[in-house]
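Before reading on, take a moment to turn the structure shown below and to follow its chain from one end to the other. The paragraphs after it go from the whole chain to single residues.

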Amino acid sequence: MHMRGENQSSVSGFLLLGLSRQPQQQQLLFVLFLSMYLATVLGNVLILLAISTDSRLHTPMYFFLSNLSFVDVCFSSTIVLKMLQNHVVGSQAIFFSACLTQLYFVIVFAYMDNFLLAVMSYDRFVAVCHPLHYTTKMTPQLCVLFVAGCLVIANLPALLHTLLTAQLSFCADNTIAHFFCDVLPLLKLSCSDTYINDMLILLVAGLLMIAPFICILISYIFIACAVLRVPSTKGKWKAFSTCGSHLAVVSLFYGTIIAVYFNPSSTHSAETDTAATVLYTVVTSMMNPFIYSLRNKDLKGALRTLIGRKRFSTR
C-alpha cells in the first residue's frame, strides 16, 4: 500500500499500528478487547430486548436509552471489529476507502452518543421539573423527532470531515499510530494544507460537542434547583434517583473526552491519548448498560423477567 506518483499523490491504504507492537501484549489486548466487545454487545442487546418486551418500559426515557444502546453497539463494532480482524489475519492494513468509511461512522456514532445524552437530560428535566405535563410534552412523535434530528445533525460533520479528508494527499508515511482511523492521526500524515480541516474541527466539532454539554449542565442546574425545593429527604432522593444513571453515564463519557482534549498539550503523550480514547470509545459503550441496569429498579425487573423467560423456553 504505497504511494502512487512522486510528490503529491494518494496512498491506496494505511497501516494501523494498534495499541502495541509486542506479540505477547498483542495477544493479551486481543483477548481483552474481544471480552469487552462481547460484554458491550451482550449488555446493550439485553437492554434493547428488555425494553422492547416489557410494556412498562415503553416510555420516552427508555426509548432514548434503547437508541443509546443501539448506537453504543454500532460505535464499538465500527472500531473494535476491524482491530480484532487485523489481529486474526495478521495484517495491519486498511484500504483508503475502508479507512474513510470507518472515519465517517466513528464520527456519526460519537456525535449520536453526545446528542442522545443531551436529549436524555432534557427528558429528565421535564420529568423532574414539569411532572404533571410530562406526558403532554414528551409525546412519542417528539421523541422520534429528537432521535431523527440527532441522526441528521450527526451526519453533517461526519460527511464534511470525510469529504475533506478524501481530498488530502498523503506523500510520506502511511502508518497511523492509532488503533482506528481517526481525524487527527490522518491530518498528521497528510502533506496537503489542512487549514480548512483544522478549522472545521475547531469550529464545527467544538460547537457540536460543547453545545450538548452546555444543555446537559443547564438541565441539571434546573433539576438540582427543583430537587432542593422538595421538602422531605425521601422526596429529594426519589426525584434525583431518576437522573442518577444518566448522570453517571454523562460523567464517564465527558470525563474521558476532557481528559484527552482539554489537558495542556505538554502533558500529552501518544500512549495516554490512546488509553483515554479507548475509555470513551470502547469502555463507555460497555459500561452504559451496567450503569443503567444496576441503578434502575424497573430495568432490573425487566431483565430478570427476560432472562427467566429465556431459561423457561430452553427447558
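How many residues does H3 have, and how far does H3 reach from its first C-alpha to its last? In this predicted model, H3 has 34 residues and spans 50 Å between its first and last C-alpha atoms, which is close to the 50 Å expected at 1.5 Å a residue. Of those 34 residues, 27 are buried, so H3 is largely enclosed by the rest of the structure.

To place this helix in its setting, it helps to look at the chain as a whole. The protein chain has 10 helices and three strands, and along the sequence these elements follow the pattern β-α-α-β-α-α-α-β-α-α-α-α-α. The chain has 315 residues, and buried residues make up 46% of them. When contacts between residues at least 6 apart in sequence are considered, 77% of them join residues at least 24 apart. On the outside, the protein chain exposes about 16600 Å², of which carbon and sulfur atoms supply 68%.

Inside, the largest nonpolar core has 84 residues, and the members that touch the most other members are Phe14, Phe33, Leu65, Leu117, Ile176 and Leu299. H3 gives the most to this core, with 21 residues. One of the core members just named, isoleucine 176, can be followed outward through its contacts: leaving aside neighbours within four places in sequence, isoleucine 176 is in contact with Phe14, Leu15, Leu16, Leu17, Cys99, Cys181, Pro185, Leu186 and Leu189.

Valine 106 offers a closer look at H3, the helix in which this residue is placed. Is valine 106 buried or exposed? Its relative accessible area is 5%, and because the cut-off for buried is under 20%, valine 106 counts as buried. Not counting residues up to four places away in sequence, valine 106 touches Phe75, Thr78, Ile79 and Phe180. The C-alpha atom of valine 106 is also separated by 8.3 Å from that of alanine 158, although these two residues are 52 apart along the chain.

Alanine 158 leads on to helix H5, where Ala158 is among the buried residues, together with others including Cys143, Val147 and His161. Helix H5 covers residues 140-166, and its 27 residues reach 39 Å from the first C-alpha to the last, close to the 39 Å expected at 1.5 Å a residue. The buried residues of H5 pack against four helices, namely H2 (60-89), H3 (96-129), H6 (183-189) and H7 (195-228).

Helix H2 holds two residues that are worth finding in the picture. Aspartate 72 has its place in H2 and, at 1% relative accessibility, counts as buried. If residues up to four places away in sequence are not counted, aspartate 72 touches Thr40, Asn44, Asp113, Ser285 and Asn288; from the last of these, asparagine 288, it is 216 residues apart along the chain, while the C-alpha atoms of the two are separated by 8.4 Å. Asparagine 86 is also placed in H2, and with 10% relative accessibility asparagine 86 counts as buried as well. Its contacts, apart from neighbours within four places in sequence, are with Leu16, Ser91, Gln92 and Ala93.

Helix H7 shows both a buried residue and a partly exposed one. Serine 219 lies in H7 and counts as buried at 8% relative accessibility; beyond the residues up to four places away in sequence, serine 219 touches Ser121, Tyr122 and Phe125. Isoleucine 214, also placed in H7, is partly exposed, with a relative accessible area of 41%. On the surface, Ile214 forms a nonpolar patch with Ile210, Ile218 and Phe222, and together these residues have about 360 Å² of accessible area.

The last step concerns charged side chains. Side chains of opposite charge can pair when their charged atoms come close. How many salt bridges does the count come to? There are two salt bridges. In one, the side chains of arginine 56 and aspartate 54 meet at 2.8 Å, N to O; here arginine 56 counts as exposed, at 59% relative accessibility, whereas aspartate 54 counts as buried, at 10%. In the other, the side chains of arginine 124 and aspartate 123 meet, again at 2.8 Å from N to O, and both arginine 124 and aspartate 123 are buried.

Note on methods:
Residues are numbered from 1 along each chain as its sequence is written. This is a predicted model: local features need pLDDT of at least 70, side-chain atom pairs count only at pLDDT 80 or more; totals for chains, interfaces and linings use all residues. Side-chain values use heavy atoms; hydrogens and water are left out. Helices (H or I, at least four residues) and strands (E, at least two) are DSSP runs, numbered from the N terminus. The expected span of a helix is 1.5 Å times one less than its number of residues. Buried means under 20% relative accessible area, exposed over 50%, partly exposed in between (1.4 Å probe, protein chains only). Contact means heavy atoms within 4.5 Å. Patches are made of residues with over 30% relative accessible area and no salt bridge: like charges are joined within 9 Å, nonpolar side chains (Val, Leu, Ile, Met, Phe, Trp, Tyr) within 5 Å. Accessible areas come from the Shrake-Rupley method with a 1.4 Å probe; for residues, only the protein chains shown count as cover. A salt bridge is a side-chain nitrogen of Lys or Arg within 4 Å of a carboxyl oxygen of Asp or Glu. A nonpolar core is a set of buried Ala, Val, Leu, Ile, Met, Phe, Trp, Tyr and Cys residues joined through side-chain atoms within 4.5 Å.
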